[in-house]
Amino acid sequence: MDNTPISLMDKGYLCVFNAARGGSIRRTKFMHIHTPEEKRALQIRLRKIAGQVAAIERMVQEDQDCPDVLTQVVSVRKALKSFAEVVIHQHTHECIAHAADPKEGQRKLRELLTVLERYVE
């Protein structure tokens, strides 16, 4: 029997198992799996933001007034900030609060703080 783990996710979140081949489930990191509703809401926000960025690109192409372009840039920044706040909220409530043990929770909190330090620069 081949016991090579099957990777289900990448980007640092690794959940591997070989249960399909008669083995046991082994989780190496906690992974927050977004519910279908969460995913849909996040995807809708991202599509709106992408539409706003495309509109800015058209405005530049059409030589629209700079204050109008900058107004749209402000709008996109606010939308991205709002998106990030939702992801941060979900992460703190799902990944940190429900960590398997206190050490895992502390590690997750340190990871979040590292990202937030870059976020506020």
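In which handedness of crossing, left-handed or right-handed, does α1 pass α2? The crossing of α1 past α2 is left-handed; the term applies where the near helix is turned anticlockwise from the far one by less than a right angle, and a clockwise turn is right-handed.

1. Basis of the note. The model is predicted, so local features need pLDDT of at least 70 and side-chain atom pairs count only at pLDDT 80 or more, while totals for chains, interfaces and linings use all residues. Residues are numbered from 1 along each chain as its sequence is written, and side-chain values use heavy atoms, with hydrogens and water left out.

2. Overall arrangement. The protein contains 3 helices and 3 strands, in the order β-β-β-α-α-α from the N terminus. Helices (H or I, at least four residues) and strands (E, at least two) are DSSP runs, numbered from the N terminus.

3. Surface and burial. Of the 121 residues in the protein, 20% are buried. Here buried means under 20% relative accessible area, exposed means over 50%, and partly exposed lies in between (1.4 Å probe, protein chains only). The exposed surface of the protein is about 9100 Å², and carbon and sulfur atoms supply 59% of this area. Accessible areas come from the Shrake-Rupley method with a 1.4 Å probe; for residues, only the protein chains shown count as cover.

4. Contacts along the chain. Among contacts in the protein with a separation of 6 or more, 35% are between residues 24 or more positions apart. A contact means heavy atoms within 4.5 Å.

5. Helices α1 and α2. Helix α1 covers residues 36-61 and helix α2 covers residues 66-96; their axes come within 10 Å and cross at roughly 165°. The two helices are therefore roughly antiparallel to each other. Angles under 35 degrees count as roughly parallel, over 145 as roughly antiparallel, 65 to 115 as roughly perpendicular and the rest as oblique. The axes are lines fitted to C-alpha atoms, for helices over the stretch in contact, and angles run from 0 to 180 degrees between N-to-C directions. As noted at the start, α1 passes α2 in a left-handed crossing. The contact of α1 with α2 comprises 15 nonpolar, 5 polar and 3 charged residues. In this classification Ala, Val, Leu, Ile, Met, Phe, Trp, Tyr, Cys and Pro count as nonpolar, Asp, Glu, Lys and Arg as charged, and the others, Gly among them, as polar.

6. Residues of α1 and their partners. R45 is found in helix α1 and is partly exposed, with a relative accessible area of 31%. Leaving aside neighbours within four places in sequence, R45 is in contact with S82, F83 and V86. The C-alpha atoms of R45 and S82 are separated by 9.0 Å, with their positions 37 residues apart along the chain counted as the separation. A41 also lies in helix α1; at 38% relative accessibility, A41 counts as partly exposed. The C-alpha atom of A41 is 9.8 Å from that of F83, 42 residues apart along the chain. Q43, another residue of helix α1, is partly exposed at 40% relative accessible area. From Q43 to F83 the C-alpha to C-alpha distance is 10.0 Å, at 40 residues apart in sequence.

7. The loop between α1 and α2. D63 lies in this loop and is exposed, with a relative accessible area of 67%. D63 is not a glycine, yet has a positive phi of about 55°. Most residues other than glycine have a negative phi.

8. Helices α2 and α3. Helix α3 covers residues 102-119; the axes of α2 and α3 come within 10 Å and cross at roughly 170°. These helices are therefore roughly antiparallel to each other. On the α2 side, K81, A84, I88, H91, T92, C95 and I96 meet G105, K108, L109, L112, L116 and Y119 in α3. By class, this contact of α2 with α3 has 8 nonpolar, 3 polar and 2 charged residues.

9. Q90. This residue is placed in helix α2. At 11% relative accessibility, Q90 counts as buried. The C-alpha atoms of Q90 and H34 are separated by 8.7 Å, and these residues are 56 residues apart along the chain.
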